[in-house]
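Trainee: Before we go through this model, could you show me how each descriptive term is justified by a value and a cut-off?
Mentor: Gladly; please bring up the structure and ask term by term.

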Amino acid sequence: MNKLTDNERDESVGKAYRAFSTETVPDDVNRRVLREAASGEQAGFWQRFYSWRRPLAFAATLVLGISLVYDMQIVLRDTGAPLLPAVDGANREDELLENEARYDDSTRTLPAEAAPVTQAPARFRASPDQAASGNTASKFSVPSSVEADLPQDTEQREERSRSHEQLGKRQSAPAVSAERAAPTADAAEARTMYAPPQQAQPDCSDARDESPYAWWRCIQVLRSAGHAALADDEWQQLLKRYPDFRAPPSPDQAPRC
Amino acid sequence: MTRSAALSVSVCGSTCDKPSLSPPAALAYARTMVVPLEDSALMLRYAEGDVAAFETLYRRHNDSLYRYLLRLTNNRDAAADLFQEVWSKIIKSRDRYRPTAKFNTYLFRVAHNAFIDHLRRNKRYCDGPADDPDLRASEVDGPDQQTERLIARQRFMQALALLPDEQRDTFLLSEEAGLTVEQIATATGVPKETAKSRLRYAVNKLRETMSAELAQDNDALQSTQRP
């Protein structure tokens, strides 16, 4: 037996093998391999190109998205528009500003029939006796002597008495009674003596003179306080005075005058 | 060996050993010479896009690799499939090729692993020769010589086919790839002593099955050129 070293082979066996093993690669196999080698070189370039497709697309999307958001913020900041649209889909601020300009009292003279009513007619004022007694309910009930002058519509009469009754309940009796009962000459003195407290029930008389939006906000306050009838009455007066007025969707959106 | 070193060493060749030539003349002479590049240099060139380099490399090793796979599988179709599979892997991994070892070792390691995978997939290919090319007579021999040669070949190849897979593999790596025992151990993933013993057993068995008649045929075929 031959002893083989690390690099030694049995020469006789090796020679026999090399003599008997003379096969070669078939030509079609050669062609296939060489074709693949040539196409592999071309495909390699495109493989390397397309391997970057996905990360490039992701990076491009990211950059586009960030730039879009950034640009939108700049545009919205410059125009002053809110970042998000209103709930009802309409940005009413422009309309509110437009309406306010239209109803600016300082630039327009109101028609005579829209003059605010600050004092009830004399026939509706309570008598001094009623005022002193503190009977607010009876003070604001329509006197029978006057009732005949009122329209015979029962519904309107009931509504009017209801509104007056609610107003009387809300206000302090002496102050209101004094204001309504005292004659015109004593009105100033009555107001001084029976001036309503600062934190009295909301009254839209001041708001009527400011602007329709202030009046409207006052109406909302009345409504939220539970004075629906009074609020409706005020609303009717507002519409009568400002027929083109359009209520904003919420009080927060009404411009502050 | 670094990539640039492999390229520079392979290009220098024998022209560096001509001191009689001046440097410009040596360079001009070198340009006229066809200096064979090393396998690793050819593979690196192919990785850079030189398809002709791959063809040169392929022509050097295609037949030996094919015979290696043919003897392992004993089936021409399986050998052709594995052959294409091995070169396909070489082609696809060209960008990751690093000349840390001989290209021959790398090539036959890939082939060995492909054969192992093939064994696991389908052992039918190895159970018997579907088409044994050795049974076909050579075209250059006469009728009597064809018979003797055919018989001798049959005996040898049968003995080779009867070897265990590991021993046959080791013997073929030694003969077809020209690998040393250490390189065979690296290619097959076994210790050096294991590879050495496998090779010894394979050679001994083949030698034993060789008859005196086969030995005489070997002497007559010593001058035969391998195509």
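Trainee: What makes the pairing of the side chains of Glu175(B) and Arg18(A) a polar contact?
Mentor: In this predicted model, the side chain of Glu175(B) lies 2.9 Å from the side chain of Arg18(A). The cut-off for a pair of N or O atoms is 3.5 Å, with one atom able to donate a hydrogen and the other to accept it, and the pair is therefore counted as a polar contact.

Trainee: Where does Glu175(B) lie, and why is Glu175(B) called buried?
Mentor: Glu175(B) belongs to helix α8 of chain B. Its relative accessibility is 9%, and because buried means under 20%, Glu175(B) counts as buried. Along the sequence, Glu175(B) is 111 residues from Ser64(B), yet their C-alpha atoms are 9.0 Å apart in space.

Trainee: Staying with that helix, why is α8(B) called roughly perpendicular to α10(B)?
Mentor: Two packed helices are described by the angle between their axes and the distance between the axes. Here α8, residues 165-175 of chain B, packs against α10, residues 192-209 of chain B, at an angle of about 90° with the axes 8 Å apart. Angles of 65 to 115 degrees count as roughly perpendicular, so that is the term applied to α8(B) and α10(B).

Trainee: Which residues make that contact, and how do they divide by type?
Mentor: From α8(B) the contact includes Glu166(B), Gln167(B), Thr170(B), Phe171(B) and Ser174(B), while the residues from α10(B) include Ala195(B), Arg198(B), Leu199(B) and Tyr201(B). The residues of this contact divide into seven nonpolar, three polar and three charged.

Trainee: His112(B) also has a side-chain partner; how do you know that His112(B) is buried, and what makes its pairing with Asp169(B) a polar contact?
Mentor: His112(B), which is found in helix α6 (residues 103-121) of chain B, has a relative accessibility of 8%, and since the limit for buried is under 20%, the residue is assigned to that class. The side chains of His112(B) and Asp169(B) are joined at 2.4 Å, which is within the 3.5 Å limit for a polar contact. Leaving aside residues up to four places away in sequence, His112(B) touches Tyr68(B), Asp169(B), Ala187(B) and Thr188(B).

Trainee: Is Leu69(B) buried or exposed, and which residues does Leu69(B) touch?
Mentor: Leu69(B), in helix α4 (residues 51-73) of chain B, has a relative accessible area of 0% and is therefore buried, the limit being under 20%. Not counting residues up to four places away in sequence, Leu69(B) touches Asn74(B), Ala79(B), Leu82(B), Phe83(B) and Ala111(B). Its C-alpha atom is 9.2 Å from that of Asp169(B), a residue 100 positions away in sequence.

Trainee: Asn74(B) is one of those neighbours; why is Asn74(B) called buried, and what is noted about its phi?
Mentor: Asn74(B) lies in the loop between α4 and α5 (76-92) of chain B, and its relative accessibility is 19%. Because buried means under 20%, Asn74(B) counts as buried. Its phi is near 55°, a positive value in a residue other than glycine.

Trainee: What makes Gly189(B) exposed?
Mentor: Gly189(B) sits in the loop between α9 (181-188) and α10 of chain B. The relative accessibility of Gly189(B) is 62%, and exposed means over 50%, so Gly189(B) is placed in that class. Its C-alpha atom is 8.9 Å from that of Arg109(B), although the two are 80 residues apart along the chain.

Trainee: How many helices and strands do the two chains have, and what share of their residues is buried?
Mentor: Chain B comes to eleven helices and zero strands, with buried residues making up 45% of its 227 residues. Chain A has 13 helices and zero strands, and 28% of its 257 residues are buried.

Trainee: What confidence scores accompany the model and chain B?
Mentor: The model scores ipTM 0.71 and pTM 0.47. Chain B averages a pLDDT of 79, with 67% of the residues scoring at least 70, whereas pLDDT stays under 50 over residues 3-18 of chain B. The pLDDT is also below 50 over residues 135-139 of chain B.

Methods: Residues numbered from 1 in each chain as written. Chains lettered and ligands numbered in written order. Heavy atoms only, no water. pLDDT = per-residue confidence, 0-100. Contact = heavy atoms within 4.5 Å. Axes fitted to C-alpha atoms, helices over the stretch in contact; angles between N-to-C directions. Helix = DSSP H or I, 4+ residues; strand = E, 2+ residues; numbered from the N terminus. Parallel < 35°, antiparallel > 145°, perpendicular 65-115°, else oblique. Nonpolar A, V, L, I, M, F, W, Y, C, P; charged D, E, K, R; others polar. Buried < 20%, exposed > 50% of the residue type's maximum accessible area, 1.4 Å probe, protein only.
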